[in-house]
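User: I'd like a close look at one part of this model: the aromatic rings and the parts of the fold around them. Please walk me through it as you would at the bench.

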Amino acid sequence: MIKSLVLPCKALKFPSAKFEGSNQLRHKGKKMELTITRPDDWHLHLRDGELLQAVVPHSASHFARGIVMPNLKPPITTTAAAVSYRESILKALPAGSDFTPLMTLYLTDTTNPNEIKLAKRSGVVYAVKLYPAGATTNSQDGVTDLFGKCLPVLEEMAQQNMPLLVHGEVTDADVDVFDREKVFIDTVLQPLIQRLPQLKVVMEHVTTKDAVKFVESCKEGFVAATVTPQHLLLNRNSLFQGGLQPHNYCLPVLKREIHRQAIVSAVTSGSKRFFVGTDSAPHERRRKESSCGCAGVYSAPVALSLYAKVFEEAGALDKLEAFVSFNGPDFYGLPRNTSKIKLSKTSFKVPDCFSFPFGEIIPMFAGETLEWQPSFN
């Protein structure tokens, strides 16, 4: 197991505590505490090798389960590869961790319907991820012809009740990067839902008011969306304020303020259609701060604090538990967690970085002060 070095970049420390109750907001003296059901992360990048060993403890300490993305090199395209990757994740977990990785397959033009049957029978694969070829990190092996080459697989997925997780962007060079999500909805997602209404679809990391409107227009229980901390808290100005900010660069890229506001309104409304998907995506610092920086925001260490911040600012702390703990498992048909966590409104400083023998990883909101510290049983 790779351990963080003791350098100027300090690790976050979350005090342990015992508590009872669910969705309870308490005042202890001047300190506020919120007890909720332990959450899950329904969109997570854990990478592999040294990077996996470095980052998995952050997610494992905060979440009970995580839908693990399959865009490795090479991608996880078969059930056998997913089982092997799962074993690597379990071996990298801290001693005593009960974190459960929920595996996914990487959809390609050559995926076979029989692979979906194998995946369903495996008991460890819970979804299939659609990356349009070239859309994001390690998507070069993604789909080029969804309705032609992939239709038999999609039909089998509908029969097996296997959700399709969608990176919702077109990759046409003549489509503006800020319009790619809307164009994807109009040209790919809407026709897909009309053709296969029984297929469960998660529109991952939604970024626009158009995506919110689309998800809300679909049949509940069949189309849902994950939402990241960065798309709730940042708009595209955050890419350029004070100079180019590579650690705020992700795909889909941050959008205008009107889109951020629409997403906040949707998730804090109490709608069951939206749930947590951090899209926590670690890269070494030198790969982010380069002439061709990688896309991805590393939010795992602070995601719960940031979601609580959003809900508090919206006056909707009473709806936080459903968003982080109930809506995801309900959509996937999995049991809700029974353990609890406590969020204490206590100020803490986010580390400037996390240092490892192979390099540094910069977390979201690095060096800034946040509140709502989580603590666990």
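Analyst: Happy to. A charge sits over a ring if NZ of Lys or CZ of Arg is within 6 Å of the ring centre and within 35 degrees of the ring normal. Arg236 fits that description, lying over the face of Phe178 at 4.6 Å from the ring centre. Arg336 does too: its charged end is placed over the ring of Phe326, 3.9 Å from the centre.

A quick word on the basis: this is a predicted model, with pLDDT of at least 70 needed for local features and 80 or more for side-chain atom pairs, while totals for chains, interfaces and linings use all residues. Numbering starts from 1 along each chain as its sequence is written, and side-chain values use heavy atoms, without hydrogens or water.

Now to rings facing rings. The structure has nine aromatic pairs (Phe, Tyr or six-membered Trp rings with centres within 6.5 Å; planes under 30 degrees apart are stacked, over 60 edge-to-face, the rest tilted). One of them is Trp42 with Tyr332, a stacked pair with 4.7 Å from centre to centre and 15° between the planes. This pair ties together distant parts of the chain, since Trp42 sits in strand S3 (residues 41–44) and Tyr332 in helix H12 (residues 320–332), 290 residues apart. Helices (H or I, at least four residues) and strands (E, at least two) are DSSP runs numbered from the N terminus. Both partners are buried (under 20% relative accessible area; exposed is over 50%, partly exposed in between; 1.4 Å probe, protein chains only): Trp42 because its relative accessibility is 1%, and Tyr332 because its value is 11%.

Helix H12 takes part in another pair. Tyr307 and Phe323 have ring centres 5.4 Å apart and planes at 70°, so they count as edge-to-face. Here the link is between helix H11 (residues 303–313), which carries Tyr307, and H12, which carries Phe323, with 16 residues separating the two. Tyr307 is buried at 1% relative accessibility, and Phe323 is buried as well, at 2%.

Going back to the stacked pair, Trp42 and Tyr332 also belong to a cluster that ring pairs build together with Phe275 and Phe331.

What about the sheet that holds S3? Eight strands make up an open sheet with parallel pairing, in the order S3-S4-S5-S6-S7-S8-S9-S10 (two strands pair if DSSP finds at least two bridges between them). S3 is an edge strand, as is S10 (274–276), and each pairs on one side only. Further in, S4 (residues 65–68) and S5 (residues 100–106) run parallel and are joined by three bridges; Gly66 stands opposite Pro101 of S5.

The loops around these elements have some backbone details to look at. After S4, on the way to H2, comes Pro74, whose peptide bond from Lys73 is cis with omega near -5°. Another cis bond joins Leu251 to Pro252, with omega about -5°; Pro252 lies in the loop between helix H8 (229–233) and helix H9 (257–267).

Asp279 follows the edge strand S10, in the loop leading to helix H10 (285–288). Its phi is near 55°, a positive value in a residue other than glycine, and Asp279 is buried, with 7% relative accessible area. One more aromatic residue has a positive phi: Phe365, at about 60°. Phe365 is placed in the loop between strand S14 (359–361) and strand S15 (369–370), and it is buried at 15% relative accessible area.
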